[in-house]
Amino acid sequence: MSVRIREAVQRDSKQLVKLSDELIHLEDWSTREVMLTESLNDPASTIFVAEADETIVGFIELRVFPDFVEGSPIAVILNLVVAKDFRKQGIGSQLIQRAGEAADKRNATETHVWTEFDNQQAIHLYTKHGFTDRHLLLERESEGQAS
Ligand SMILES: CC(C)(COP(=O)(O)OP(=O)(O)OC[C@H]1O[C@@H](n2cnc3c(N)ncnc32)[C@H](O)[C@@H]1OP(=O)(O)O)[C@@H](O)C(=O)NCCC(=O)NCCS
């Protein structure tokens, strides 16, 4: 199977919205569609897709933004998903690699990513690609959003 990594475009949105559900399940995808269009039109955001036979089987979203304290741009990987049937074939690795190259190209001096403490597969993959557990990420849910 040959997999091509390329930047996402608007016509990918249906498949991207559907694939996102493998990371976070939502009953209603309408706000997801709106947010995705915003991301696709935001110059700070780049979404790379992995495509096999015109089917999107994975994606990664990278954001690069200025950090004036750091005195440089920094990058964040927001989301990474590979479709269940296509995992363990190196696609996640290819997507991380491509996002890393894009971050370097945009002069980001560091790239951050977060995942659940028990997501061993993701932690293993990120570690393999040079990420280290150097920081603690704290989260506050907005009022009315806490589960
Ligand atoms: C985490 C996730 C993105 C990994 O994607 P993936 O495509 O399976 O990742 P890879 O295939 O690149 O690497 C995973 C493992 O697959 C195996 N693998 C990779 N290529 C392989 C190949 N050609 N043949 C056999 N096994 C292979 C290896 O065991 C590899 O681990 P290694 O680094 O020790 O070699 C995927 O499991 C996923 O989408 N999970 C749900 C969403 C998620 O948790 N996202 C991350 C948090 S935001």
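Two residues are in contact if their C-beta atoms, placed from the backbone, lie within 7 Å. Among contacts in the protein between residues at least 6 apart in sequence, 59% join residues at least 24 apart. This is a predicted model: local features need pLDDT of at least 70, side-chain atom pairs count only at pLDDT 80 or more, and totals for chains, interfaces and linings use all residues. Residues are numbered from 1 along each chain as its sequence is written.

## Overall build

The protein has four helices and five strands. Helices (H or I, at least four residues) and strands (E, at least two) are DSSP runs, numbered from the N terminus. Along the sequence the pattern reads β-α-α-β-β-β-α-β-α.

The C-alpha atoms fill a box of roughly 45 × 40 × 35 Å, taken along the principal axes. The radius of gyration is taken over C-alpha atoms, and the globule rule is 2.2 Å times the number of residues to the power 0.38. For 147 residues a compact globule would come to near 15 Å; the protein has 15 Å, which agrees.

A residue is buried if 20 or more other C-beta atoms lie within 10 Å of its own, exposed if 12 or fewer, and partly exposed in between, with C-beta atoms placed from the backbone. Of the 147 residues, 20% count as buried.

## The sheet

The five strands form an open sheet in the order S1-S2-S3-S4-S5, with mixed pairing. Strand S1 (4-7) and strand S5 (111-113) stand at the edges with a single partner strand each, so one side of each has no neighbour in the sheet. On average, neighbouring strands are turned by 25 degrees against each other, direction ignored. Two strands pair if DSSP finds at least two bridges between them.

S2 and S3 are antiparallel and share eight bridges. Here Ile47 stands opposite Glu61 in S3. Strand S3 (residues 55-67) and S4 also run antiparallel, joined by ten bridges. Val64 has Ala75 of S4 as its bridge partner.

Two helices meet this sheet. H3 packs on it and touches S1, strand S2 (45-52), S3, S4 and S5. The direction of H3 makes about 25 degrees with that of S3. Helix H1 (residues 13-20) lies across S3 and S4, at about 90 degrees to S3. Axes are lines fitted to C-alpha atoms, for helices over the stretch in contact, and angles run from 0 to 180 degrees between N-to-C directions.

## Turns and positive phi

Most residues other than glycine have a negative phi. The table lists positive values in this model.

| Residue | Place | Phi |
|---|---|---|
| Asp53 | hairpin of S2 and S3 | near 50 degrees |
| Glu54 | loop between S2 and S3 | near 65 degrees |
| Gly71 | hairpin of S3 and S4 | near 75 degrees |
| Lys88 | loop between S4 and H3 | near 60 degrees |

The hairpin of S2 and S3 has two residues between the strands. The hairpin of S3 and S4 has four. Glu54 is exposed, with 7 other C-beta atoms within 10 Å. Lys88 also counts as exposed, with 8 C-beta neighbours inside 10 Å.

## A buried position in S4

Leu80 is found in strand S4. Leu80 is buried, with 21 other C-beta atoms within 10 Å. Leaving out residues up to four places away in sequence, Leu80 touches Ile60, Gly92 and Leu95. Leu80 and Phe48 are 32 residues apart in sequence and 9.6 Å apart in space, C-alpha to C-alpha.

## The ligand shell

The ligand is surrounded by 19 residues, and the closest are Arg87, Lys88, Gly90, Gly92 and Ser93. Strand S4 (72-82), helix H3 (91-105) and helix H4 (120-128) each give two or more residues to this shell. A residue is near a molecule or strand if its C-beta atom, placed from the backbone, lies within 6 Å of it.

By class, the shell has seven nonpolar, eight polar and four charged residues. Ala, Val, Leu, Ile, Met, Phe, Trp, Tyr, Cys and Pro count as nonpolar, Asp, Glu, Lys and Arg as charged, and the others, Gly among them, as polar.
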